[in-house]
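Could you walk me through this structure in the viewer, one selection at a time? I would like to know what to pick next and what I will find there.

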Amino acid sequence: MAATSWEDSVKCLKGVILDMCGVLYDAGEDGGTPIPGSVEAVKRLKASDLQVRFCTNETQATREVFVAKLQRMGFDICVSEVFSPAPAAVAVLKERGLRPHLLVYDGVVPEFDSVEKANPNCVVIGDAAEKFSYQNLNDAFRVLIGLEKPVLFSLGRGKYYKEDEGLNLDVGVYMKALEYACDVEAEVIGKPDPMFFQKVLDDMGVQSHQTVMIGDDLVNDVGGAQHCGMKGVQVRTGKYRPSDEKHPTVTADGYVDNLAEAVETILKLRGQ
């Protein structure tokens, strides 16, 4: 029934939003490897009459570095098509006059070069990987607990993601630790925040009901998109688990084995 609902909407589509890690490629120490069929699937989508954007919670590199890596893998992609949390966070910090203490991966620090960081009055946490040491978490805790009104920003809230060697803990786990310790609720920047998705829709110039999100994260990709009025399709690659199809609160509008299958379905039903 859910798949039929998704397929019935394909002819009305004007935009496609793609998650990246777990949909286009699997991450790894060597930069990762493309998921079979994904490079060609992106080429086919971009050759169609559909608007295509890439929406990621990637916070281990700047967009420029991240996109260059994907281009080396063979993907047809440019920086202006990619929406990630760090640039959005910088805009919020500047708008509100906030000075962040950063608990993020070294590779994404340059995104925050234009923001004043002395005497911090908030904390920004991202997927810091091995930087999530006790000392670094405690430093972030001390900044927050010392503020009269603590402000915590989290670049996404994922539980885990997949790399070549297996599943890894994501930023959401450490976000919850700081929330608990400081009695504060984090402001999430990135998926599944509706404002984050809306910026992507605005950039494409399409409405939510004319758009489908394809991702491997049932809650943040699929559920977040559905909450905004989009269709959400889950791929059985990346962090997908069979139990996702029996999730108590989120049901995808469709499930496909991989991005190539999703694109084949979309283009076939549109006669392209």
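Here is a tour in a handful of stops, from a sheet to its helices and then to a few backbone details.

Before you start, keep in mind that this is a predicted model.

**Stop 1: the four-stranded sheet**

Select β6, β7, β8 and β11, and show them as a cartoon. These four strands form an open sheet in that very order, with parallel pairing. The edges are β6 (100-103) and β11 (187-189), each of which pairs on one side only. If you look along the sheet, you can follow a twist that averages 25° from one strand to the next.

Now zoom in on β7 (residues 122-125) and β8 (residues 152-155), which pair in the parallel sense over three bridges. Which residue of β8 stands opposite Val123? Turn on the side chains and you will find Leu152 there.

**Stop 2: two helices across the sheet**

Add helix α5, residues 134-145, to your selection. α5 lies across β6, β7 and β8, and runs at about 160° to β6. Next add helix α6, residues 171-182, which lies across β7, β8 and β11 at about 170° to β8.

With both helices on screen, it is worth looking at the pair itself. Two packed helices are described by the angle between their axes and the distance between the axes. Here the axes of α5 and α6 come within 10 Å and cross at roughly 40°. Angles under 35 degrees would count as roughly parallel, so α5 and α6 are oblique to each other instead. The crossing of α5 past α6 is right-handed.

To see the contact, show sticks for Leu137, Ala140, Phe141, Leu144 and Ile145 on the α5 side, and for Tyr174, Leu178, Ala181 and Cys182 on the α6 side.

**Stop 3: Leu137 up close**

Stay in α5 and centre the view on Leu137, which belongs to that helix. Is Leu137 buried or exposed? Its relative accessible area is 18%, so Leu137 is buried. Leaving aside residues up to four places away in sequence, Leu137 touches Leu103, Phe132, Tyr174 and Leu178. For a distance to check with your own tools, try the C-alpha atoms of Leu137 and Met175: they are 38 residues apart along the chain and separated by 9.8 Å.

**Stop 4: helix α7 and its two faces**

Move on to α7, residues 194-204, and colour Phe196, Phe197, Val200, Leu201 and Met204, the buried residues of this helix. Look down the axis of α7 and you will see why they belong together: they fall within an arc of 140°, so they line one face of the helix. The spacing behind such a pattern is a familiar one. An α-helix has 3.6 residues a turn, so residues three or four places apart point the same way.

Now rotate to the face turned away from the buried side, where you will meet the exposed residues Met195 and Asp202. What covers the buried residues of α7? Among the elements to select are β1 (15-18), β4 (51-55), β5 (82-83), α4 (85-96), β12 (211-215) and α8 (218-227).

Look at both ends of α7 before you leave. Following the helix is Gly205, with a positive phi near 75°. On the other side, the loop between β11 and α7 holds Pro192, and a cis peptide bond with omega of about 10° joins Lys191 to Pro192.

**Stop 5: a second helix pair**

Select α2 (residues 38-46) and α9 (residues 259-269), whose axes come within 8 Å and cross at roughly 25°. That makes α2 roughly parallel to α9, and the crossing is left-handed. In sticks, show Ser38, Ala41, Val42, Arg44 and Leu45 of α2, which meet Leu259, Ala260, Val263, Glu264 and Leu267 of α9.

**Stop 6: two positive phi values**

Finish with two loop residues. Asn119 sits in the loop between β6 and β7, and its phi is near 50°, a positive value in a residue other than glycine. Asn119 is exposed, with a relative accessible area of 60%.

Asp183 is in the loop between α6 and β11. Its phi is positive too, at about 50°, although Asp183 is not a glycine. With 72% relative accessibility, Asp183 counts as exposed.

Conventions. Residues are numbered from 1 along each chain as its sequence is written. This is a predicted model: local features need pLDDT of at least 70, side-chain atom pairs count only at pLDDT 80 or more; totals for chains, interfaces and linings use all residues. Side-chain values use heavy atoms; hydrogens and water are left out. Buried means under 20% relative accessible area, exposed over 50%, partly exposed in between (1.4 Å probe, protein chains only). The arc is that of the directions from the helix axis to the C-beta atoms. Contact means heavy atoms within 4.5 Å. Two strands pair if DSSP finds at least two bridges between them. Axes are lines fitted to C-alpha atoms, for helices over the stretch in contact, and angles run from 0 to 180 degrees between N-to-C directions. Angles under 35 degrees count as roughly parallel, over 145 as roughly antiparallel, 65 to 115 as roughly perpendicular and the rest as oblique. A crossing is left-handed if the near helix is turned anticlockwise from the far one by less than a right angle, and right-handed if clockwise.
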